[in-house]
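Please look at the fold below and trace how its parts are arranged. The text takes up the sheet before the helices.

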Amino acid sequence: MAALTGVRVLDLTRLLPGAFATLMLAELGAEVIKVEDPRGGDPMRHLPPLVGGRGVYDLLLGRGKKSVALDLKVPADRVCLHALVATADVVMESFRPATAARLGVTAAVLRQRQPRLIHASITGYGQTGPYAEAPGHDLNYVAVSGLLSTERPMPSALPKMFIADVGGGAVSAVIAVLAALFARERSGEGASLDISMHEAALYWVMLPGARDLLDAGPSATGELPTFGAHACYNVYETRDGQQIALGALEEKFWTTFCAAIGRPDLVARHRTGPADQERLLAEVRGVFRTRTRDEWLHFFDGRDVCLSPVNSPKDAFLDPHVAARGAVIRGHGLRAVRAPFGLPRVNLGPAPEVGADTEAVLRRLP
């Protein structure tokens, strides 16, 4: 039996964060019922990349869910929604606070009817504070949180990963829901979860911004060699224009690397100052340009050095280690990445069409 078998989740969210969060809950065995606007459904259905007019993100994130079409602005449909809520363990929504209040889906409204309900709200800036009603997307949250500026100089290209949406908001929401379900088993009480994607990104900035969290007093010295200024922890171009990532953070790995390339004289320069690191980077770059990527991978195979190819997503999905682990699964006309939970796999059905399960779900309501 899957971990969340018997748990019913109502997904009222729109776009990526909530969809990713409820996919993870579905992969843990929860029954996820996505409540969508009958006028086209979740906007994610129509975002590129498209295949046959359907958003690929929706095909991936909608797996294993049921779709019920309800117009929350229509009184009769809101009655149906509240009947659904009465059967649910978790409700997840992503409206700005004023919109949630207008639609009657706030924690205060829904938990008054059902105190055992776990209500999870994923918003940009949370339920309170001066930014609570401000519009935003992932770029705004990583910008205002300081996460975007942790790359110096500022990146010439925007991040290709939805860091605050998925890595922050969705994962934080799932952790909070699981904790609330566990707490409810002991107390019998539900919970109101206020998930801010901005704060999720801010939480991640705690480490790259560690110096700025110190109170007045002695200044911190030194810097972790993981930000591109050190030769031991960097990305290098090979003779064929490909890239290799060297992560010889510990001295033992750096020593092995230097010995392998026939440069034991470089060992003592593992963590020298900025001026010497610039010279060292130039030397190591020259070394890596002498062979192709595959030649270097073959050369270091079996050596205790943290060295990896810089894969494209396509290459990463086809990596032999990924295949050996069964991390990419096939079904319903596409491949997907299996959730990394270390639990028995839950087989998910295809992403439904808008409202495909409305009649069946509503017919079973008490």
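What follows describes the sheet, then the helices that lie on it, in a predicted model.

The sheet is open and has six strands, paired in parallel in the order 5-2-1-6-7-8. Its edges are formed by strand 5 (65-69) and strand 8 (191-196); each has a single partner strand, so one side of each is left without a neighbour in the sheet. On average, neighbouring strands are turned by 20° against each other, direction ignored.

At one of these edges, strand 8 runs parallel to strand 7 (residues 118-123), and six bridges join the two. Within this pairing, Ala191 in strand 8 stands opposite Ile118.

Two helices can now be placed on the strands. Helix 3 (residues 75-85) lies across strand 1 (8-11), strand 2 (31-36), strand 5 and strand 6 (90-93), and runs at about 150° to strand 1. Helix 8 (residues 197-205) lies across strand 7 and strand 8, at about 65° to strand 8.

Helix 8 also packs with another helix. Two packed helices are described by the angle between their axes and the distance between the axes. For helix 7 (residues 163-187) and helix 8, the axes come within 8 Å and cross at roughly 100°. Angles of 65 to 115 degrees count as roughly perpendicular, and helix 7 and helix 8 are therefore roughly perpendicular to each other.

On the helix 7 side, the residues in contact are Ile163, Ala164, Asp165, Gly167, Gly168, Gly169 and Ser172, which meet Met197, Ala200, Ala201 and Trp204 of helix 8. By class, this contact has six nonpolar, four polar and one charged residues.

Note on methods: Residues are numbered from 1 along each chain as its sequence is written. This is a predicted model: local features need pLDDT of at least 70, side-chain atom pairs count only at pLDDT 80 or more; totals for chains, interfaces and linings use all residues. Side-chain values use heavy atoms; hydrogens and water are left out. Two strands pair if DSSP finds at least two bridges between them. Helices (H or I, at least four residues) and strands (E, at least two) are DSSP runs, numbered from the N terminus. Axes are lines fitted to C-alpha atoms, for helices over the stretch in contact, and angles run from 0 to 180 degrees between N-to-C directions. Contact means heavy atoms within 4.5 Å. Angles under 35 degrees count as roughly parallel, over 145 as roughly antiparallel, 65 to 115 as roughly perpendicular and the rest as oblique. Ala, Val, Leu, Ile, Met, Phe, Trp, Tyr, Cys and Pro count as nonpolar, Asp, Glu, Lys and Arg as charged, and the others, Gly among them, as polar.
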